[in-house]
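Work through the exercises below with the sequence and the structure open side by side. Try each task before reading its solution.

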Amino acid sequence: MIRCLAIDDEPLALQQLVAYTKKVPFLELAAQCQSAMEARQYLEQDTVDAIFCDINMPDLNGMDFVKSLQAPPLVVFTTAYSEYAVEGFKVNAVDYLLKPFGLQDFQRAANRIKERLDVTTPLSQQGEIGDGSDTIFVKTEYKIVKITIADIRYIEAMSEYLKIYLDHEDKPIITLLSMKKMEERLPEHFMRIHRSYIVNLTKIQEVNKNRVIMDADTYLPIGDMYKEAFQRYLDAKFLGK
């Protein structure tokens with residue numbers, strides 16, 4: 001199933017999006033939001049594969065909302081104004097639905113999302129985390145990638161996204177996921193040492209005062225809330241007086 005988010009400030013238009021979503025067998029409506037701000041709050045806690053988003057909304061319009069997302073899901077814009085079409089495709093929108101649109105138009109857009117994701121198995125259900133093995137799957141950009149847990153050095157929280165730093169990779173993998181959900185999946189040799197950091201304890205090179213040193217260029221702070229648990233780990237491993 002493809003998890004999607006419906007966003008529109010007009011109740012009737014939102015109701016239509018919800019109704020159409022329920023008519024497409026491979027779509028699962030994760031939530032419905034009446035503003036971009038409400039959608040942003042939802043995405044801070046959970047992930048979706050795609051969003052159907054109105055452009056003309058108060059406070060924060062749909063176009064600016066999508067541009068503000070570092071790793072946005074697939075996007076279908078909906079609006080009554082055709083002049084937004086070109087701008088919509090500049091942000092790599094999958095499709096553009098001009099109001100009023102019917103079920104056939106919505107189905108076309110949904111099919112394009114499905115083609116982009118190449119959904120042949122329920123990867124979106126196992127996708128963000130995995131199946132209890134030594135690997136996990138995460139969504140990044142427009143694909144789902146497999147990560148070997150042993151290769152993870154540390155994880156950094158960045159608003160509603162995570163940066164996953166891996167051995168032998170220059171750039172982190174960025175995915176829309178919560179720290180809490182990642183913590184729940186990782187094995188016991190991973191520990192949260194700060195509100196913004198989870199580290200692979202086996203890859204720590206040095207502990208210096210209130211910092212964990214992963215390598216010559218990477219110094220991670222130890223947060224006050226996490227000092228006690230981290231100190232217990234050090235005490236259990238410490239050899240000496």
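The exercises that follow go from the whole chain to single salt bridges, and the model they use is a predicted one.

**Exercise 1. The chain as a whole**

Task: State how many helices and strands the chain has, and what share of its residues is buried.

Solution:
- Step 1. Count the elements: the chain contains 8 helices and 15 strands.
- Step 2. Take the burial: 49% of the 241 residues count as buried.
- Step 3. Turn to the surface: the accessible area of the chain is about 12,900 Å², and carbon and sulfur atoms hold 48% of that area.
- Step 4. Look at the contacts between residues at least 6 apart in sequence: 51% of them join residues at least 24 apart.

**Exercise 2. Two arginines and one aspartate**

Task: Find which residues form salt bridges with Asp-95, and say which parts of the chain are tied together.

Solution:
- Step 1. Recall the cut-off: a side-chain nitrogen of Lys or Arg must lie within 4 Å of a carboxyl oxygen of Asp or Glu.
- Step 2. Test Arg-108: its side chain meets that of Asp-95 at 3.0 Å, N to O, in a salt bridge.
- Step 3. Place this pair: Arg-108 belongs to helix α5 (residues 103–117) and Asp-95 to strand β5 (residues 95–98), so the bridge ties together parts 13 residues apart in sequence.
- Step 4. Test Arg-112: a salt bridge joins its side chain to that of Asp-95, with 3.1 Å from N to O.
- Step 5. Place this pair too: Arg-112 is in helix α5 and Asp-95 in strand β5, so parts 17 residues apart in sequence are tied together.
- Step 6. Compare with the burial cut-off, which is under 20% relative accessible area. Asp-95, at 3%, is buried. Arg-108, at 32%, is partly exposed, and Arg-112, at 35%, is also partly exposed.

**Exercise 3. A bridge from a loop**

Task: Locate the two partners of the salt bridge between Asp-167 and Arg-153.

Solution:
- Step 1. Read the distance: the closest N and O atoms of Asp-167 and Arg-153 are 3.9 Å apart.
- Step 2. Locate the partners: Asp-167 sits in the loop between β9 (161–166) and β10 (173–176), while Arg-153 is in strand β8 (residues 152–158), so the pair links parts 14 residues apart in sequence.
- Step 3. Check the burial of Arg-153: with a relative accessible area of 14%, Arg-153 is buried.

**Exercise 4. From pairs to a network**

Task: How many salt bridges does the whole structure have, and which residues are joined into one network by shared partners?

Solution:
- Step 1. A search of the whole structure gives 15 salt bridges.
- Step 2. Through shared partners, salt bridges join Asp-95, Asp-105, Arg-108 and Arg-112 into one network.

Terms used
Residues are numbered from 1 along each chain as its sequence is written. This is a predicted model: local features need pLDDT of at least 70, side-chain atom pairs count only at pLDDT 80 or more; totals for chains, interfaces and linings use all residues. Side-chain values use heavy atoms; hydrogens and water are left out. Helices (H or I, at least four residues) and strands (E, at least two) are DSSP runs, numbered from the N terminus. Buried means under 20% relative accessible area, exposed over 50%, partly exposed in between (1.4 Å probe, protein chains only). Contact means heavy atoms within 4.5 Å. Accessible areas come from the Shrake-Rupley method with a 1.4 Å probe; for residues, only the protein chains shown count as cover.
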